Amino acid sequence: MYKILRPLLFKLQPETIHHLIVRLLRVMHYVPFAKALLRTRYTRRAPELEREVLGLKFPNPIGMAAGFDKDAEVYDMLGALGFGFVEIGTVTPKPQNGNPKPRCFRLPADKAIINRMGFNNRGVQNAVRNLRHRKPGLIIGGNIGKNTLTPNEQAPCDYLKAFRALYDYVDYFVVNVSCPNVACLTALQSKASTVAILEPLKEFRQGQSDYRPILLKISPDLTREQVDQMIEVVEECKIDGIVATNTTTSREELQSDPARVTQIGKGGLSGGPLTERSREMVRYIHQKTEGSVPIIGVGGIMSVEDAVAMLEAGASLVQVYSGMIYEGPGLMKRICKRLENKA
């Protein structure tokens, strides 16, 4: 069914479709039995799918990556679509509009997306309001970042504000210092800058009764030496894991019309071209840490085979976004079915 609808959907701008789908899911939340019908159609539950990672019990290892539910509006409906966990955000302390439109583009020949959204969101207090009445059963992560206008030297304060506000409302945190769509943000991936962000979060967490795991999201464009530095940060700061990877600024080996790619301009590339790059980074981190650091593998999971390969490379969990756009909401159930049969 989705393959029939996709050409029609792709006639609209990507951001327009995104807003329409979020609004539809918000409406369906209030329609009697709608969530149950979605769950029946798209969700697969089995003991073989359950994973215990980061001290949390996941009903299955397939999550919705950050960027779809930026403001924590439809996480429960995403759970009904078969996701075992949902990562909201990226959330910043203050609301911000993000970068000028148009800022999201499809490359169908590559099953890819280029976006330069720029952390557009309604701010952390809005996310808190939306999460305040969440029901148990679905694991929710909070992806946090700094406001665009906040200088990098003041970034630790922004991350701490978002962390403190969301602490009682999410199950784990992802510190996003790797998005290429916020000016100068990736400069925070230096060892000193990252430690300066993480230490206040850890200090605040020590005073809380509940423990919230902290993960670091890294770029696929890091050199091997830079990846080693991020591993050192994780081990020395004793944080809980790594999310690998964010989008890439590379445009290598694309099948799309080069003139079209040039016309689109800057932005992070996700989808099919990232499959091998993200998987290899996950494999390297897993081998380098001897499997001691939990990894959420994300980037280019466009098929059942991609998800299985990412898990076999060393990921504890995986996340999907572009794959759902190109393959439809049935992808998660197909992945779960394969994993159940492999168990």
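This dialogue walks through a pocket, the nonpolar cores and some annotated residues of a predicted model.

Reader: How should I read empty space in a set of coordinates, and what volume does the second largest pocket have?

Author: Rolling a probe the size of a water molecule over the atoms shows where empty space is left. In this model, the second largest pocket comes out at a volume of about 610 Å³.

Reader: Which residues lie nearest the centre of that pocket, and which elements give two or more residues to its lining?

Author: The lining of the second largest pocket is made up of 26 residues, and those nearest its centre are His29, Lys35, Tyr75, Asp76 and Met77. Two or more lining residues come from each of α2 (14-29), α3 (34-42), α4 (75-80) and α5 (124-131), with α4 giving the largest share, five residues. By chemical class, the lining of this pocket holds eleven nonpolar, nine charged and six polar residues.

Reader: Turning to the interior, which residues of the largest nonpolar core touch the most other members?

Author: The largest nonpolar core has 82 residues, and Ile88, Leu166 and Val175 are the ones that touch the most other members. Once neighbours within four places in sequence are set aside, Val175 is in contact with Ile144, Tyr159, Ile197, Leu198, Leu201, Ile214, Leu215, Leu216 and Lys217. There is also a second, separate core of 14 residues, which includes Val53, Ile139, Tyr172 and Ile296.

Reader: Asn176 is covered by the UniProt annotation "binding site" in an unreviewed entry; is Asn176 buried or exposed?

Author: A residue is called buried when its relative accessible area is under 20%. Asn176 has a relative accessible area of 3%, and is therefore buried. Asn176 belongs to strand β8 (residues 172-176), and, leaving out residues up to four places away in sequence, Asn176 touches Thr90, Phe119, Asn143, Ile144, Gly145, Tyr159, Leu185, Lys217 and Asn246. Phe119 and Asn246 are among the residues covered by that "binding site" annotation, which also includes Lys70, Asn115 and Thr247.

Reader: Which residue does UniProt list for "active site", and where is that residue found?

Author: The unreviewed UniProt entry lists Cys179 for "active site", and Cys179 is found in the loop between β8 and α7 (191-206). Cys179 is buried too, because its relative accessible area is 7%. Not counting residues up to four places away in sequence, Cys179 touches Phe119, Leu185, Thr186 and Asn246. Phe119, Leu185 and Asn246 are thus contacts of Cys179, and these three names appear again among the contacts of Asn176.

Methods. Residues are numbered from 1 along each chain as its sequence is written. This is a predicted model: local features need pLDDT of at least 70, side-chain atom pairs count only at pLDDT 80 or more; totals for chains, interfaces and linings use all residues. Side-chain values use heavy atoms; hydrogens and water are left out. On a 1 Å grid over the protein atoms alone, a cavity is a set of points where a 1.4 Å probe fits but cannot get out, and a pocket is an open set with protein on both sides within 12 Å along at least five of seven lines; lining residues have an atom within 4 Å of a point. Grid points are joined across faces, edges and corners, and a volume is the space filled by probe spheres set on the points. Helices (H or I, at least four residues) and strands (E, at least two) are DSSP runs, numbered from the N terminus. Ala, Val, Leu, Ile, Met, Phe, Trp, Tyr, Cys and Pro count as nonpolar, Asp, Glu, Lys and Arg as charged, and the others, Gly among them, as polar. A nonpolar core is a set of buried Ala, Val, Leu, Ile, Met, Phe, Trp, Tyr and Cys residues joined through side-chain atoms within 4.5 Å. Buried means under 20% relative accessible area, exposed over 50%, partly exposed in between (1.4 Å probe, protein chains only). Contact means heavy atoms within 4.5 Å. UniProt positions are given in the numbering used here, feature names are shortened, and annotations may be inferred rather than shown by experiment.
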